[in-house]
Amino acid sequence: MEKILIIDDERSMREFLELLLKQEGYKTVCCANVTEAKKLIPTEHFDLLITDLKLPDGNGLELLAEAKEHDPDTEVVVITAFGTTQTAVEAMKLGAYDYIVKPFKIDHIQLIVRKALEKGALARENRELKRTIEATTSSGGILSQSPRMHEMIKLIERVAPTGVTVLIQGDSGTGKELVAQRLHKMSGRKGRFVPVNCSAIPEGLIESELFGHVKGSFTGASVDKAGLFEEAQGGSIFLDEVTELPLLLQPKLLRALQQLKIKRVGGVREIDLDVLIISATNKDIAEEVRKNRFREDLYYRLNVVVVQLPPLKERREDIALLATHFLEKYRRSFGRDTKGFSPQVLKCLEAHDYPGNVRELENIIERAVALETSEELTIQSLPEHVRRNTPSPTSRSEDLTAQGLDLDEVLKNTELGYINRAMELCEGNKTRAAKLLGMSFRSFRYRLDKLEGAEDTDEG
């Protein structure tokens, strides 16, 4: 439960805000002056301060500075009946979330409080994610908070030192090469990690690339050449997209795995291998065997230990962590000041299904950082197909009980919710908000004025 400190010398205002915020589900603490507040701020954690500007023994800007010094993620909203441009600018420079002039509308203060708390929670989450990322990357680990991924990491850490052949299965973009690198690191081998994309090497050259060749073994073989297996001696070779290997080459790979010996193309001397063999595929390899596109004996030789990588949509708890990592990577690469995400951006990212998995998420963040001009990624920097995932406020049928409801009120709140959401997405631009809702500007303005007028009438 979020905790809010209310500072105002007017008892009626303190009681009003306390009642309003408690109804919203927040925990509140009240005090009447700067002295009382300065005693509380260092001793208790507050997610938000709502402070009057003019107080009997000082002003709210002192408390703003005090709160930010104690915890930079604590948000502060300054309220005053004596608003000036100068004090508003000063408050915002000191880090206030917003500056509100009395009298204010109830729904306005509710919205400000909700958004301020979202911003503070997001800042704390980003800070925690960055700490996790720093700790994980410094140890050469895999970024994940997913229980399934943690089980997978435990598996590779158990099998890596044994030297057994490992097959990694997972959709394209799930990070199979990263897992293979982790296996190599955990194996303790001193040699190189040699990745091989089996689908990228022309069929006529792949045997020579893997096993090497001797001078004169074919046209163009002007010198002896070591293959990739030899380059991986003492280390690991990673055969990515292994199901793309030609059928004619598969028996030679099987022999290399079984005997740990190879011959260069055109050569007679056998070369002993000391190599950890890791393979990967995004296909159902058992199905490839059934369709006679992959040798069954080679499949069983590769399939000693299987590591299954889940798609990103099945580990959504990792999306924010990975997005933060990519944000840091590309803001440094592009020299940008972008430091975090708006809450709407994270909601969109977490709602997307990612057919391209982690690789797609990285591309989305790279694009967004390249386009963004503000200090946080906004919804406008996301691709259109991702923006469609923006959660929209809707009325809920479960709100209808046997006691009934006020349908006009529900419809009014729903309409206002969509209009406010459109205004958020369009950063207050009414013309763009009207277009987003498929309305004329005149119709949009009429509805907005009507709804706001109804709110004023209710409060009166």
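So, what is the mean pLDDT of the protein chain, and how many of its residues reach 70 or more? The mean is 86, and 89% of the residues get to 70 or more. Quick reminder: pLDDT is the predictor's confidence in each residue, on a scale from 0 to 100.

That tells you we're looking at a predicted model, where local features need pLDDT of at least 70, side-chain atom pairs count only at pLDDT 80 or more, and totals for chains, interfaces and linings use all residues. Residues are numbered from 1 along each chain as its sequence is written, and side-chain values use heavy atoms, with hydrogens and water left out.

Okay, the overall picture. The protein chain has 19 helices and 18 strands. These are DSSP runs numbered from the N terminus: H or I with at least four residues for helices, E with at least two for strands. Of the 460 residues in the chain, 45% are buried. Buried means under 20% relative accessible area, exposed means over 50%, and partly exposed is in between, using a 1.4 Å probe and protein chains only. The chain exposes about 23500 Å², with carbon and sulfur atoms supplying 50% of that; the areas come from the Shrake-Rupley method with a 1.4 Å probe, and for residues only the protein chains shown count as cover.

Now contacts, meaning heavy atoms within 4.5 Å. Take the contacts with a separation of 6 or more: 70% of them are between residues 24 or more positions apart.

Back to confidence for a moment. Among the elements, strand β12 (residues 236–240) has the highest mean pLDDT, 97, and helix α19 (residues 441–459) the lowest, 66. Over residues 392–399 the pLDDT drops below 50, and that stretch has eight contacts beyond near neighbours in sequence. Residues 455–460 also stay under 50, with nine contacts beyond four places in sequence.

On to salt bridges. The rule is a side-chain nitrogen of Lys or Arg within 4 Å of a carboxyl oxygen of Asp or Glu, and it gives a count of 30.

Here's one: D274 pairs with R189, with the closest N and O atoms 3.1 Å apart. D274 sits in the loop between β14 (270–272) and β15 (276–281), and R189 in the loop between α7 (176–187) and β9 (193–197), so the bridge ties together parts that are 85 residues apart in sequence. Buried or exposed, or in between: where does D274 fall? It's partly exposed, at 43% relative accessibility, and R189 is partly exposed too, at 23%.

Next, E230 and R264, whose closest N and O atoms are 2.9 Å apart. This pair also links distant parts of the chain: E230 is in helix α9 (residues 228–231), R264 is in the loop between β13 (261–263) and β14, and they're 34 residues apart. Here E230 is buried, at 17%, and R264 is buried at 18%.

A third pair is R295 with D297, at 2.6 Å between the closest N and O atoms. R295 is partly exposed at 30%, as is D297 at 31%. There's also a network of salt bridges that links D8, D52 and K102.

Last stop, cysteines. How many disulfides does the rule give? Zero, where a disulfide is a pair of cysteine sulfur atoms within 2.5 Å. For C31, the nearest cysteine sulfur belongs to C30, 7.6 Å away. C31 is buried at 3%, and C348 is buried at 0%.
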